[in-house]
Amino acid sequence: QVQLVESGGGLVQAGGSLRLSCAAAGRTFSRYGFSNYAMGWFRQAPGKEREFVASITWGRSRTYYTDSVKDRFTIARDNPKNTVYLQMKSLKPEETAVYYCAADLYGAGSPSGDQYEHWGQGTQVTVSS
């Protein structure tokens, strides 16, 4: 059993900030250990394909970002809390989307969603102009 629960979404004005959280729970994470999962954030806007936003590897916690969010978004993990965060600053209206977190056991932080075994239900982020 796996649960990834995102929170922190909402409505924000352009230029504003939000911090998303993704809490992991369940037998799978207990068995393998949350720290052994690469965690990713993806987003999907209406009528568009899901796209990679950021990821953080297991172990050394290397981080990766899609170019459009570099220097504005920060991904971080708190392993004792089984939680990954996405701090978003200077948000733009075109970043309105449902944001999903995903987990990949021993993953390398791939930007491909196909690499991730577990997904949350998503949290809506709406950026008004």
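Modeller: Let's settle one word before we start: two residues are in contact when they have heavy atoms within 4.5 Å of each other. And bear in mind that this is a predicted model.

Biologist: Fine. What does Thr66 touch, then, if we skip residues up to four places away in sequence?

Modeller: Phe52 and Val53. Thr66 itself sits in the loop between S6 and S7. Its C-alpha is also 6.3 Å from that of Ala54, a residue 12 places away in sequence.

Biologist: Asp71 is in that part of the chain too. Why is Asp71 called exposed?

Modeller: The label needs a relative accessible area over 50%. Asp71 comes out at 82%, so it counts as exposed. Asp71 lies in the loop between strand S6 (63-65) and S7.

Biologist: What makes the backbone of Asp71 worth a look?

Modeller: Asp71 has a positive phi, about 75°, although it isn't a glycine. Asn82 is another non-glycine residue with a positive phi, near 50°. You'll find Asn82 in the loop between S7 and S8.

Biologist: Why is Asn82 called partly exposed?

Modeller: Partly exposed covers the range between under 20% for buried and over 50% for exposed. Asn82 has a relative accessible area of 24%, so it falls in that middle class. Gln44 gets the label for the same kind of reason: its value is 33%, so it is partly exposed.

Biologist: Where is Gln44, by the way?

Modeller: In strand S4. Leaving aside neighbours within four places in sequence, Gln44 is in contact with Glu49, Arg50, Ala97, Val98 and Tyr100. Take Tyr100: 56 residues separate it from Gln44 along the chain, yet their C-alpha atoms are 8.1 Å apart.

Biologist: Now the charged ones. Why does Glu95 count as buried?

Modeller: Buried means under 20% relative accessible area. Glu95 is at 3%, so buried is the right word. It belongs to the loop between S8 and S9.

Biologist: Which residues does Glu95 contact, leaving aside neighbours within four places in sequence?

Modeller: Arg43, Ser68, Val69, Arg72, Phe73, Ser90 and Val125. Val125 is 30 residues from Glu95 in sequence, with 7.8 Å between the C-alpha atoms.

Biologist: And how do you know which class Arg77 belongs in?

Modeller: Same test. The limit for buried is under 20%, and Arg77 has 14%, so it is buried. Arg77 is in strand S7. Its contacts, leaving aside neighbours within four places in sequence, include Phe34, Tyr37, Met39, Ile56, Trp58 and Val84. Cys22, 55 residues away in sequence, has its C-alpha 9.3 Å from that of Arg77.

Biologist: Met39 turned up there. What is the largest nonpolar core, and which residues have the most contacts inside it?

Modeller: That core has 29 residues, and those with the most contacts inside it are Met39, Trp41, Leu86, Met88 and Tyr99. Seven strands are named as each supplying at least two of its residues: S3 (18-25), S4 (37-44), S5 (51-56), S7 (73-78), S8 (83-88), S9 (97-105) and S11 (123-128). Away from its neighbours within four places in sequence, Met39 contacts Leu4, Cys22, Phe34, Ile75, Ala102 and Tyr116, among others.

Biologist: What makes it a nonpolar core?

Modeller: Its members have to be buried, come from a set of residue types such as Leu, Met, Trp and Tyr, and be joined through side-chain atoms within 4.5 Å. In soluble globular proteins, nonpolar side chains tend to be buried together.

Biologist: Zooming out, how many helices and strands does the protein have?

Modeller: There is 1 helix, along with 11 strands. In order from the N terminus, they go β-β-β-α-β-β-β-β-β-β-β-β.

Biologist: Why is the protein described as being as compact as a globular protein of that length?

Modeller: The radius of gyration is 14 Å, and the globule rule gives 14 Å for 129 residues, so the description fits. The C-alpha trace spans about 45 × 25 × 25 Å along its principal axes. Buried residues make up 47% of the 129.

Biologist: And what share of the contacts between residues at least 6 apart in sequence joins residues at least 24 apart?

Modeller: 60%. As for the surface, about 6,700 Å² is exposed, and carbon and sulfur atoms supply 44% of that area.

Note on methods:
Residues numbered from 1 in each chain as written. Predicted model: local features only at pLDDT ≥ 70, side-chain atom pairs only at ≥ 80, totals over all residues. Heavy atoms only, no water. Buried < 20%, exposed > 50% of the residue type's maximum accessible area, 1.4 Å probe, protein only. Helix = DSSP H or I, 4+ residues; strand = E, 2+ residues; numbered from the N terminus. Rg over C-alpha atoms; globule rule 2.2 N^0.38 Å. Areas by Shrake-Rupley, 256 points an atom, 1.4 Å probe, with all protein chains shown as cover.
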